[in-house]
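Please walk me through the aromatic contacts and one of the sheets in this structure.

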Amino acid sequence: MIDIQSNQKKEVSDSLSAVKFLDSLSQNYYYLTEVTNVKKTENSTEIYFDKKQNFNIAEVHVSDSLAKQLNISQNFRTKNLDSLKQNINQKFRDKGFAFNRVKAKFKGFKNEIPQVDLEISLSEKRTIDKLVLKDYDKVPKRFVKNLDEDFLHKTYDDKNLLKINSSLQNHPFVLLERPPQTLFKKDSTEIYLFLKKKINSTFDGIIGFGNDKTDKFTLNGSLNLNLKNIFNGFETINLYWQRNPDSGQTFNLGTDIPYLFNSKIGFNLNVNIYRQDSTFATVKAIPAFYYHISSNQKIGIRGTFENSAVLDSLYTGGKDFTKQGIGVWYQFTKPTETEIFQYQTRINTNIDYLRANYTDQRFNQIQYFINAENNFHLAGNHYLNLNGESALINAKNELNTNELFRFGGWNSLRGFNENSLYAEFYAYGGAEYRYLVNPQNFFDVFVQYGVLNNPNLEGQIKLYSLGFGFKFFLPIGLMSVQISNGSQFGEAFNFKSTKISWGILSRF
């Protein structure tokens, strides 16, 4: 097969293949292709052909109104008429004309270039008129109303369909089983959403192995039960218990109701009880109301009611006190598309104004807290998690041990015992490299750096921690193993301080 225009040659095995090749030229817009000569030799046949004009290259003419709508010239040349028609079709689809048709009329040749008139036939503009929930529809009325407010009467186009899909694909309480389906009626457009209730309640157990302050080997851990959406109201009930190696115990009860009276106002209550062996005990209650800025943002006000009592009369590091105050808080959460990671992005922050009452004195205090993390996709299976946390009690009086922040451990500054670090101010940040072996497991290597101020210690304390771990899914849930070691700068590395933690998170 010899192209007389370019002198390019192509070998085929038989006459049937030759016919298929010539037919393929017409399918690629060489409609006037003709065979000009055939030469037979002893072992082959040479077929000479002329493709002539390519009708996908054309001089295009459009009406004045269409040129203004598309912001193009009325007369121009295109090297790909088919692609041009598709682009024009998509532009009108994006404007809501789902059933537009772009027509090309061949008007003859001029200087061997096809002359084409382009016209467009438009149907009625389409908007999203109704959202229909299928399969799982026992959802809060406010959730449905939010969807309606976000998408009803918006232009029916691919952009808004992707937004609907995205808003539900990573929702904490429902799953979108398939992409949104469209039903076109004569005078309306309905979007069908096939939802499924997400299995999202969790039981999280962690066991830790390490040494306490006396270098004695200890066993400690925590239990965390999260009940989510069991009443189909997108509510959350949380029960948490923890024991640390220094005989401290934490009990936490929390509840969250996101839509009070089918409004965008939510309510959150958290009650925390901490007891340090027989030394002191603290009870804190934080009721809060918040407003849903969007599906992943909340802002609210909260109250703080705290009461602490010294149990041991010989203990001089603490005092009895009560605190009351009011504050504001903000939360942003972006779900992750990688199931084994908990979040893509998370930010929690609050600031509180408190009135502290001691036996014989009263002081005003200001507290702030911020926690943030983000997962960055580097390339392929490589990820980087950056996280940090900081808190401060700004007070004119000298603070007692039983009112300081307590941090350190599995979900904090790792390599230290749970709640073993006390501070009026602390800040730490960390970087964690994660290699995703597959969607079901990954291993990580991390390093953290932190500082703290403690009124009972001189100067600012600088700390570091490092370690590695891995997580993978088992039939019973997500298993985590972490090996870490932390210390103060300037102190020799102590292998005995290594912490081994093992945890399992089950969903039901």
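The paragraphs below cover a sheet with its helix, then aromatic pairs, then charges placed over rings.

The model is predicted. One of its sheets is open and has 4 strands, in the order β5-β4-β7-β6, with mixed pairing. The edges are taken by β5 (75–78) and β6 (101–110); each has a single partner strand, so one side of each is left without a neighbour in the sheet. Direction ignored, neighbouring strands here are turned by 30 degrees against each other on average.

At the β5 edge, the partner is strand β4 (residues 58–62), and the two run antiparallel, joined by 4 bridges. His 61 has Asn 75 in β5 as its bridge partner. Helix α3 (residues 81–94) lies across β4, β5, β6 and β7 (113–121). Relative to β7, helix α3 runs at about 15 degrees.

The next topic is the aromatic rings. A pair of aromatic rings is described by the distance of the centres and the angle of the planes. The structure holds 27 aromatic pairs. One of them joins Phe 106 and Phe 109, with 5.3 Å centre to centre and 75 degrees between the planes, an edge-to-face arrangement. Are these two rings buried or exposed? Phe 106 has 46% relative accessibility and therefore counts as partly exposed. Phe 109, at 39%, also counts as partly exposed, because the partly exposed class lies between the 20% limit for buried and the 50% limit for exposed. Phe 106 and Phe 109 also belong to one aromatic cluster with Tyr 31 and Phe 55.

A further pair is formed by Phe 143 and Phe 234. The ring centres of Phe 143 and Phe 234 are 5.2 Å apart and the planes stand at 70 degrees, so this pair is edge-to-face; the angle qualifies because edge-to-face requires over 60 degrees. Which parts of the chain does the pair tie together? Phe 143 lies in helix α4 (residues 141–151), whereas Phe 234 lies in the loop between β13 (217–228) and β14 (236–243), so the parts tied together are 91 residues apart in sequence. Both Phe 143 and Phe 234 are buried.

Arginine side chains also meet aromatic rings in this model. Arg 406 lies over the face of Tyr 274, at 3.6 Å from the ring centre. Arg 434 lies over the face of Phe 341, and here the distance from the ring centre is 4.9 Å.

Note on methods
Residues are numbered from 1 along each chain as its sequence is written. This is a predicted model: local features need pLDDT of at least 70, side-chain atom pairs count only at pLDDT 80 or more; totals for chains, interfaces and linings use all residues. Side-chain values use heavy atoms; hydrogens and water are left out. Rings of Phe, Tyr and Trp (its six-membered ring) pair if their centres lie within 6.5 Å; planes under 30 degrees apart count as stacked, over 60 as edge-to-face and the rest as tilted. Buried means under 20% relative accessible area, exposed over 50%, partly exposed in between (1.4 Å probe, protein chains only). A charge sits over a ring if NZ of Lys or CZ of Arg is within 6 Å of the ring centre and within 35 degrees of the ring normal. Two strands pair if DSSP finds at least two bridges between them. Axes are lines fitted to C-alpha atoms, for helices over the stretch in contact, and angles run from 0 to 180 degrees between N-to-C directions. Contact means heavy atoms within 4.5 Å.
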